[in-house]
Structure formats: C-alpha cells, structure tokens
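Let's take a walk through this structure together. Have a look at it first, and then we'll go piece by piece.

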Amino acid sequence: RSMTTSVGQDLVKHLWKTAVVSGVLAVIVGAVVLIWPQITVLVAAYAFGAYLLISGIAQVVFAFTLPVSSAGMRVLLFLTGVISFVLGVLCFKDELNSILLLAIWIGVGWIAQGIAGTITAVGDKELPGRGWQIFSGIISTIAGIVLIVYPISSILTLTLVVGIWLIVIGVLQIGSGIGIRSATKSSA
C-alpha cells in the first residue's frame, strides 16, 4: 500500500508541473497568434489540411490492413478516413473552408477537454486544485460552444479569439498547476 501511495504522490508532484508547462505553452502560442495573425492562420490552415489528408489516408489503409474484429469497425475506419481526406482537400481548396473547419475542430476539442476536466474534478473531491480544474473546464467548454455555434468567418477575428482564448486557458492552467502544488505542499 505504501508503494501505491508513493506512486500517487509522485504523480501529483508532477501533475502541477504539467499543468503549468501546458499553461505557459498555451500563453506563448496565444501571444504568437496575436502578434502574427495572418501568418499564423495560414500556417494553421495548411497544417490542419495536411493533418486531415494524412490521417484520412492512414485510416483508409488501416481499414483494410488492421485485424479488426468486426466489419462495422472496418467500415467506420474507412468512412472516417474518407471524410478526413475530403475535409483535408477542402482545406487546400479554400482558406475560408479551412478556417471554419479549424474553428469547429478547436471548438469540439475545447468542449471535450472542458467536459472531461470538469467531470473529473467534480467527481474527485480529493483532487488538488479542484476549484481551478472545475473553473477551467467550464471556461473551456463555453469557449468550444461559442466557436461551434458562431463559427467566425473572418480570419483575423478567429485568430484574435483563438489567441485570446489560448492565453485565458493558459493562465487558468497555470493557476490550476499552482493550486495543485500548494495543495500538495499543505497536505505533505
């Protein structure tokens, strides 16, 4: 039992560092996005398109080569691969399509991250920095919903919103990491 407790304590000691580093990186990326919005959006749009193309091709290949247990799983892999590939092609055909797809992608990611973080923090009453985790999860979920419900057609506006949200989320993650660290110090 002491070994499990020791491993858990070691994990928590590193958890705050991960939260702070993630937060700092989000703030840096957010600042870069705000400083160079036009270049950032074009690079992000093309990187997103390339990612979709590559992942789409990989999923189609996996649909035929992986030892999948059911035909349904094989069909699902194939369909998601084709959809990813088509979306990737659309990203390269029109920058506006790419930006809107990227907004939806970011929105879905923020919603998933926010819901998962909030549920984890609400469910675990012993979690260090729990209040920050809940607050950060709610903010991330709201940001994702806003990006999906009101996809921003202006490249510059989307960039500014994403840059600002990255900075806000980064600051919240830093606060969460500091909360975790202070909670672990007070319980030690």
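What volume does the second largest pocket have? About 330 Å³. Of the 15 residues that line this second largest pocket, Gln113, Gly117, Gln133, Ser136 and Gln173 are the closest to its centre. The elements that give two or more residues to its lining are α1, α4, α5 and α6. Sorted by class, that lining has 12 polar residues, 3 nonpolar ones and no charged ones. Keep in mind that we're looking at a predicted model.

Now for the largest pocket. Its volume is about 470 Å³, and 21 residues line it. Val29, Leu102, Ile106, Val162 and Leu166 are the ones that lie nearest its centre. Here, the elements that give two or more residues to the lining are α1 (2-35), α2 (37-65), α4 (95-123) and α6 (155-187). The class count for this lining is 17 nonpolar, 4 polar and no charged residues.

Let's step back to the chain as a whole. The protein chain has 6 helices and 0 strands, so from the N terminus on its elements simply run α-α-α-α-α-α. It has 188 residues, and 33% of them count as buried. What about contacts along the chain? Taking those between residues at least 6 apart in sequence, 77% join residues at least 24 apart.

Next, the nonpolar core. The largest one has 12 residues in all, among them Phe48, Leu52, Cys91, Leu102, Ile106 and Trp110. Its members also include Ala143, Leu147, Val162, Leu166 and Ile169. The elements that give two or more residues to this core are α2, α4, α5 and α6, and α4 gives the most, with 4 residues. Some names may ring a bell: Leu102, Ile106, Val162 and Leu166 belong to this core, and they are also among the residues nearest the centre of the largest pocket.

Trp110 is a good core member to zoom in on. Which residues does Trp110 touch, not counting those up to four places away in sequence? They are Ser140, Thr141, Ala143, Gly144, Leu147, Trp165, Leu166 and Ile169. Of these partners, Ser140, Thr141, Ala143, Gly144 and Leu147 are among the buried residues of α5.

Now to the helices themselves, starting with α4. Its 29 residues should span 42 Å at 1.5 Å a residue, and because its end C-alpha atoms are 42 Å apart, the two agree. The buried residues of α4 include Ser98, Ile99, Leu102, Ala103, Ile106, Gly107 and Trp110. An α-helix has 3.6 residues a turn, so residues three or four places apart point the same way. Farther along, the buried list of α4 goes on to include Gly114, Gly117, Thr118 and Ala121.

Thr118 deserves a stop of its own. Why does Thr118 count as buried? Because its relative accessibility is 15%, and buried means under 20%. Not counting residues up to four places away in sequence, Thr118 touches Ile134, Gly137 and Ile138.

Moving on, Leu127 is found in the loop between α4 and α5. Leu127 is buried too, because its relative accessible area is 17%. Leaving aside its neighbours within four places in sequence, Leu127 is in contact with Ala121 and Gln133. Leu127 and Thr184 are 57 residues apart along the chain, and their C-alpha atoms are separated by 9.8 Å.

After that loop, have a look at helix α5 (residues 130-149). Its 20 residues reach 28 Å from first C-alpha to last, close to the 28 Å expected at 1.5 Å a residue. Among its buried residues are Ser136, Gly137 and Ile139.

Helix α2 has 29 residues and reaches 41 Å from its first C-alpha to its last, close to the 42 Å expected at 1.5 Å a residue. Its buried residues include Pro37, Thr40, Val41, Phe48, Leu52, Leu53, Ser55 and Gly56.

That brings us to Ser84, which lies in helix α3 (residues 71-93). Ser84 counts as buried because its relative accessibility is 14%. Not counting residues up to four places away in sequence, Ser84 touches Leu52, Leu53, Ser55, Gly56 and Gln59. Finally, Ser84 and Ala58 are 26 residues apart along the chain, with their C-alpha atoms separated by 9.9 Å.

Notes. Residues are numbered from 1 along each chain as its sequence is written. This is a predicted model: local features need pLDDT of at least 70, side-chain atom pairs count only at pLDDT 80 or more; totals for chains, interfaces and linings use all residues. Side-chain values use heavy atoms; hydrogens and water are left out. The expected span of a helix is 1.5 Å times one less than its number of residues. Buried means under 20% relative accessible area, exposed over 50%, partly exposed in between (1.4 Å probe, protein chains only). On a 1 Å grid over the protein atoms alone, a cavity is a set of points where a 1.4 Å probe fits but cannot get out, and a pocket is an open set with protein on both sides within 12 Å along at least five of seven lines; lining residues have an atom within 4 Å of a point. Grid points are joined across faces, edges and corners, and a volume is the space filled by probe spheres set on the points. Ala, Val, Leu, Ile, Met, Phe, Trp, Tyr, Cys and Pro count as nonpolar, Asp, Glu, Lys and Arg as charged, and the others, Gly among them, as polar. A nonpolar core is a set of buried Ala, Val, Leu, Ile, Met, Phe, Trp, Tyr and Cys residues joined through side-chain atoms within 4.5 Å. Contact means heavy atoms within 4.5 Å.
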